[in-house]
Amino acid sequence: MTTAAPLVFITGASSGIGQALAASFYDAGYRLALVARRTAEIDAWATGRQLDAGRYQVYGADVADTDSIVAAGADCIARQGVPDAVIANAGISIGIDTADRSDLDVLARTFAVNNVGLAATFHPFVQAMVQRGSGRLVGIGSVAAIRGLPGHGAYCASKAGVVAYCESLRGELRTSGVKVVTLCPGYIDTPLTQGNRYGMPFLMQPEDFAAQALRAIAAGTSYRVIPWQMGVVAKVMRLLPNAVLDRAVQGRARKKRSGEA
């Protein structure tokens, strides 16, 4: 009797980190369940990379629509089985100004994608993984979770929420055999960061991030900042007194708001 290759379920798989993770896991022998709103981009990537059609499925879903992503998870279980790893990678990053009414809607959308969407991504698989006694639930946070930065309120707050949520879930599942892994990327060269108007130290290629992420996920590492240099920076930032941090970031360029060129 043959045993099926392990399966990974990845949201936000149409570009950037999600696509790099898909490539890394595929090369490691995994079957893929790839989720995005833009499924045509996944199909084009898979065709261009000549993926074995028997080793991947594509699911169209919007993680901000709870019913949509929950249905995609249920469809994955029905078609491919219970994944060995679920990576809640889909996320958005847009600058906001709280004095602008329209940016409150941007804030709500950011939380819907980055926080509610993450929990909804995990939801279809938690019970099945617990019953099996194994699995990895992976939340993609950010070093932006460490300290709030001017103009980045929506993104920083949402990623801090990812870290806290995953920490809570990890405690809930501690004796179940299911590992909760929190990965906090630094600056990764993806469409999400390419429009940034400020310096990005230790900028990393998505393929290099994915290779390190795969190892951390396989090991069941509870928390990891990638690359490690940004982990050091994050610890220093966390220890800085508020007055020092506030002076350090004064005048720093802000993330582009919705509609800004």
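**View 1. Asp105 and Arg101 join their side chains in a salt bridge.** In this predicted model, the N-to-O distance of the bridge between Asp105 and Arg101 is 3.2 Å. Why are these two residues separated by about one helical turn? Asp105 and Arg101 are four residues apart in helix H4, so about one turn of the helix lies between them. Take a look at how open each partner is: Arg101 counts as exposed, at 54% relative accessibility, whereas Asp105 is partly exposed, with a relative accessible area of 44%.

**View 2. A salt bridge connects Arg109 with Asp62.** Here the N-to-O distance is 3.8 Å. This pair links distant parts of the chain, with the two positions 47 residues apart in sequence. Arg109 belongs to helix H4 (residues 101-132), while Asp62 sits in the loop between strand E3 (56-60) and helix H3 (66-80). Are the partners buried or partly exposed? Arg109 is partly exposed, with a relative accessible area of 35%, and Asp62 is also partly exposed, at 22%.

**View 3. Glu41 and Arg38 form another salt bridge.** The closest N and O atoms of this pair are 3.6 Å apart. Glu41 is partly exposed, at 35% relative accessibility, and Arg38 is partly exposed too, with a relative accessible area of 39%. How many salt bridges does a search of the whole structure find? The search finds six.

**View 4. Helices H4 and H5 meet side by side.** The axes of H4 and helix H5 (residues 153-172) come within 9 Å and cross at roughly 20 degrees. Angles under 35 degrees count as roughly parallel, so H4 is roughly parallel to H5. The crossing of the two helices is right-handed. To find the contact, look in H4 for residues including Leu107, Phe111, Leu118 and Phe122. Among the H5 residues that these H4 residues meet as a group are Ala157, Val162, Tyr165 and Leu169.

**View 5. The largest nonpolar core holds 34 residues.** Which members touch the most other members? They are Phe25, Leu32, Ile87 and Leu183. Several helices and strands each supply at least two residues of this core, among them strand E1 (7-11), strand E2 (31-36), strand E6 (178-185) and helix H6 (206-219). The largest share, seven residues, comes from helix H1. Apart from this core lies another one, of 25 residues, including Cys76, Leu118, Met129 and Cys166. As a general picture, nonpolar side chains tend to be buried together in soluble globular proteins.

**View 6. Phe25 has its own set of contacts.** Leaving aside neighbours within four places in sequence, Phe25 is in contact with Val8, Tyr30, Leu32, Ile87, Leu214 and Ile217. Two of these names may ring a bell: Leu32 and Ile87 are, like Phe25, among the residues that touch the most other members of the largest core.

**View 7. Arg257 lies in the segment after helix H8 (242-249).** Which residues does Arg257 touch, not counting those up to four places away in sequence? Its contacts are Ile94, Gly95, Ile96, Asp97, Asp100 and Asp103. Arg257 is partly exposed, with a relative accessible area of 25%. For a sense of scale, Arg257 and Val180 are 77 residues apart in sequence and 32 Å apart in space, C-alpha to C-alpha.

Definitions and conventions
Residues numbered from 1 in each chain as written. Predicted model: local features only at pLDDT ≥ 70, side-chain atom pairs only at ≥ 80, totals over all residues. Heavy atoms only, no water. Buried < 20%, exposed > 50% of the residue type's maximum accessible area, 1.4 Å probe, protein only. Contact = heavy atoms within 4.5 Å. Core = buried A, V, L, I, M, F, W, Y, C linked by side-chain atoms within 4.5 Å. Salt bridge = Lys/Arg side-chain N within 4 Å of Asp/Glu carboxyl O. Axes fitted to C-alpha atoms, helices over the stretch in contact; angles between N-to-C directions. Parallel < 35°, antiparallel > 145°, perpendicular 65-115°, else oblique. Left-handed = near helix turned anticlockwise from the far one by under 90°.
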